[in-house]
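Have your viewer ready and a selection box open. We will go from stop to stop, and each one tells you what to pick and what to look for.

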Amino acid sequence: MWHKIALSLWSVAVMLLFFSCKENFSEKNREEAVLVRIGDKALTRGDLEREIPDRLKSKDSALFADNYIKQWVDDQLLYDVASRNIPDKENIDRMVERYRQELVVF
């Protein structure tokens with residue numbers, strides 16, 4: 001329960017940061033502004049902006065951004081926990097590399 005409350009508060013804080021950034025930021029600084037960091041992974045403002053569909057109204061884009069950030073955080077936390085529980089990481093790495101090669105070939 002506390003996780004959902006903390007996540008909701010965090011999302012509100014991130015949304016305030018997202019929409020209150022000054023417009024005099026250079027495009028590069030705005031693009032690289034980190035919204036959320038989980039371990040060594042970071043979600044930047046540019047990453048989020050690329051995911052928001054073009055034709056959304058501002059209220060809808062704020063809702064989309066909030067949901068995207070929450071999902072991103074959940075995915076990162078779940079991945080971190082799951083990756084710690086894998087006994088044979090080398091086998092996973094081999095399978096991923098094989099799959100990557102198959103994707104490139106096709």
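Is Y68 buried, partly exposed or exposed? Select it in this predicted model: Y68 has a relative accessibility of 24%, so it counts as partly exposed, since that class runs from 20% to 50%.

Now add F64 to the selection. F64 is partly exposed too, with a relative accessible area of 28%. Both residues sit in helix 4 (residues 58–84), four residues apart, which is about one turn of the helix. Together they make up the one aromatic pair in the structure. Their ring centres are 6.3 Å apart and their planes meet at 15°, so the pair is stacked; the cut-off for stacking is under 30 degrees.

Next, select residues 34–38 and 41–44. These are strand 1 and strand 2, which run antiparallel and are joined by four bridges. The two strands form a hairpin with two residues between them. Click on G39 in the turn, and you will find a positive phi of about 60°. Then look at I38, which stands opposite K41 in strand 2.

Keep I38 selected and show its surroundings. Beyond its neighbours within four places in sequence, I38 is in contact with W72, V73, Q76, L77 and D80.

For the last stop, select L35, V36, I38, L43, L48, I52, A65, I69, W72 and V73: these ten residues form the largest nonpolar core. Strand 1 and helix 4 each supply at least two of its residues. Colour by element of secondary structure, and you can see that helix 4 gives the most to this core, with four residues.

How values were computed. Residues numbered from 1 in each chain as written. Predicted model: local features only at pLDDT ≥ 70, side-chain atom pairs only at ≥ 80, totals over all residues. Heavy atoms only, no water. Phe/Tyr/Trp six-rings, centres within 6.5 Å; stacked < 30°, edge-to-face > 60°. Buried < 20%, exposed > 50% of the residue type's maximum accessible area, 1.4 Å probe, protein only. Pairing = 2+ DSSP bridges. Core = buried A, V, L, I, M, F, W, Y, C linked by side-chain atoms within 4.5 Å. Contact = heavy atoms within 4.5 Å.
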